[in-house]
Amino acid sequence: MNSVLTERRRGAFPPELLVRVGLAWALVSGMLIAITWPAIAGHHYSDPDDIMRLLQVRDLLAGQSWFDVTQSRVDAAGGGVAMHWSRLVDVPLALVIFLLTPLVGASGAELAASVIVPLVTLALVMLLAARIAWRVLGEEEATLTSLVLAISIPVLFQLAPMRIDHHGWQFVCGLAAMNGLMARDARLGGFAIGASLAAWLSISIEGLPVTAIIFAVLALRWLRSRAERTWLVAAMQSLAVTSIALFLASRGIGLTATYCDAISPLHLAMFAWGALVLTLTARAEPAPRGMVVAGFALAGGGALAMLLVAAPFCATGGGFSALDPLVARHWHANILEGRPMWDQVIAMAAQYLVGPLIGLISAISLATHSRDWLRRFWSDYALILAGALIVSLFVARAGAFACVLAAPPLAWQVRSWLRTIRLMDRPAPRMAAMIAIACALLPAIPAMLLTSAIPARASIAATADKPIRATQCRVRDAAHVLQQLPRGEIYAPLDIAPGLLLESDHNVVATGHHRGHEAMRALIATALGSSEQARATLRARGTTYVAMCPNSAEARTYAEISPEGFAARLATGDAPAWLETVEVPGDTGLDLYRVTGT
């Protein structure tokens, strides 16, 4: 290791960088397509959110208003469910589908978009991460950064074919902001940071904690040197202006309600307030340090006061503050990716934590062995990475961005390790060191070996006389039956409801999306209640069909909670007399019934 690392910022996107990243991307893309080919060939989406995203794009192309993101076939009896998702993520999907439909048909175009768009997102993530390494580390580190991303399971899961939800675009926005930190011009860099974070928040308000961390680091830059105040001011101005522009472009002027799960006019007012106060504080420079800190407190405190006065519920429970208790207990509490890291299994937690921890230590080491601008950059980088890692401890799915952020310093550390290994004369220590590196990059493997001897706990206490049948659920294979049935509402578990919407023109009672929590409560209460209670509820709603995948995790959960409930009886094949079986040929694993009048 060099005792001192010096600044080596270079061109924005030189051809050599593009070639290196392009080759790595082609290799990784080929690998991902091969691994996910069964899912691609079967039009299988691994997450219900991906299906709902595709349905939202379908509705847009079918003529639904750009400003209307209501899913009218979900809880149609209640007026539909207004999704909180941004139209920004719909644009690339809709564009690919629109261009390819005349060539390969609508189904082929949707499948192509479901492969192309995630791989394009992967290319942008690899390029932006490698660009950080390229500009401040070296050519080899840039290549290794791309490869480190390629073996990070939390990252690849969000960027693989058929994964078309918004998570990959969050990575792109976050990395764009980190690239802005390297800009030579503070004003240009600040505007890039603010615009990137505004796009992230427009896509998902989950980016708010990392946004706050980055702005705290920019405030620290100001306190370290008064000449650095432009970073924070420009970023705050850009965040406010870009957020307003994106809100008007994607939500329109008619949306004035305050939501906790998406950017609303209240958030825009908070950003504008911060930009105003920081601009005035900067104009007062040179000023005593206490006055600058007071300006920070006024900007942040004023924004927080707006939130507490106008929407105090957003400060307590966020977007899930209004959830019905039954939904919160039996749905939201079971979404593992939204729970703290200590609730995850060891293998999963290791995938999210080990890489960022090594990356954090490496970033600190880089800061220690650097000087001038580069020392400040790596110090800031380490603070942001540490903050992202802390956020992931409380919300596990946030750890994927920490893995992305850790890639450049982790690549530098891997190169340092490889150099050390090359100097080893004896094969045994060299082999041990290589295994140690492999374990550091693929931490799930030793974690899985560590826990492999622990017996798996049964997920459901099925009684001997009512065993849960072991089946798979392939809604697509039952599409021909669904399409032949007269249109009506289907009562179905939350996780398979999106698939039923995708493969038919029917409506569903609810999907696993919190703005539809009233219908979700009706669905869960029906699943846990008696068959007679279910009959009364479904007849009151006018529900036409009932669908069940007996071996799905959701069905097992309902049966575990209420072994004699409606869902538990259906899972064992013990359907009540008021349900008439609809034959579904083949081994689809989907049980389908028609609600009768008897």
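This report walks through the salt bridges, a five-stranded sheet, a surface patch and two buried polar residues of a predicted model.

Because the model is predicted, local features need pLDDT of at least 70 and side-chain atom pairs count only at pLDDT 80 or more, whereas totals for chains, interfaces and linings use all residues. Residues are numbered from 1 along each chain as its sequence is written, and side-chain values use heavy atoms, with hydrogens and water left out.

## Salt bridges

Let us start with charge pairs. Side chains of opposite charge can pair when their charged atoms come close. Here a salt bridge is a side-chain nitrogen of Lys or Arg within 4 Å of a carboxyl oxygen of Asp or Glu. By that rule, the whole structure holds 23 salt bridges. The table shows three of them, with N to O distances.

| Basic residue | Acidic residue | N to O distance |
|---|---|---|
| Arg-339 | Asp-343 | 2.9 Å |
| Arg-541 | Glu-489 | 2.9 Å |
| Arg-594 | Glu-580 | 3.4 Å |

For exposure, buried means under 20% relative accessible area, exposed means over 50%, and partly exposed lies in between (1.4 Å probe, protein chains only). Helices (H or I, at least four residues) and strands (E, at least two) are DSSP runs, numbered from the N terminus.

In the first pair, Arg-339 is partly exposed at 29% relative accessible area, and Asp-343 is partly exposed too, at 32%.

The salt bridge between Arg-541 and Glu-489 links distant parts of the chain, 52 residues apart: Arg-541 belongs to helix H23 (residues 531–541) and Glu-489 to strand E3 (residues 489–491). Arg-541 is partly exposed, with 22% relative accessibility, while Glu-489 is buried at 7%.

The salt bridge of Arg-594 with Glu-580 ties together parts that are 14 residues apart in sequence, because Arg-594 lies in strand E7 (residues 591–595) and Glu-580 in strand E6 (residues 579–582). Arg-594 has a relative accessible area of 26% and so counts as partly exposed; Glu-580 is also partly exposed, at 39%.

Elsewhere, a network of salt bridges links Arg-53, Arg-87, Asp-90 and Asp-165.

## The sheet

Strands E3, E6 and E7 come back in this section as members of an open sheet of five strands, ordered E4-E3-E5-E7-E6, with mixed pairing. Two strands count as paired if DSSP finds at least two bridges between them. The edges are strand E4 (507–508) and E6, each of which pairs on one side only.

Which strands does E5 pair with, and in what sense? Strand E5 (residues 545–548) runs antiparallel to E7, with four bridges between them, and it pairs with E3 in the parallel sense over two bridges. On the E7 side, Ala-547 stands opposite Leu-592, and Tyr-593 is the bridge partner of Val-546. On the E3 side, Ile-490 stands opposite Tyr-545.

In a regular strand the side chains alternate between the two faces of the sheet. In E5, Tyr-545 and Ala-547 point one way, Val-546 and Met-548 point the other way, and all are buried.

## A nonpolar patch on the surface

Patches are made of residues with over 30% relative accessible area and no salt bridge; like charges are joined within 9 Å, and nonpolar side chains (Val, Leu, Ile, Met, Phe, Trp, Tyr) within 5 Å. Accessible areas come from the Shrake-Rupley method with a 1.4 Å probe, and for residues only the protein chains shown count as cover.

One nonpolar patch consists of Leu-61, Leu-95, Phe-98 and Leu-99, with about 420 Å² of accessible area together. Helix H4 (residues 90–136) gives the most to the patch, with three residues. Leu-99 lies in H4 and is exposed, at 52% relative accessibility.

## Two buried polar residues

A polar contact is a pair of N or O atoms within 3.5 Å; within protein, one must be able to donate a hydrogen and the other to accept it, and residues adjacent in sequence count only if both atoms are side-chain atoms. Plain contact means heavy atoms within 4.5 Å.

Glu-503 sits in helix H21 (residues 497–503) and is buried, with 11% relative accessible area. The side chain of Glu-503 makes a polar contact with that of Arg-476 at 3.4 Å. Leaving aside neighbours within four places in sequence, Glu-503 is in contact with Val-475, Arg-476, Ala-479 and Gln-483.

Thr-279, in helix H11 (residues 265–283), is buried at 17% relative accessibility. The side chain of Thr-279 makes a polar contact with the side chain of Gln-237 at 2.9 Å. Not counting residues up to four places away in sequence, Thr-279 touches Val-233 and Gln-237.
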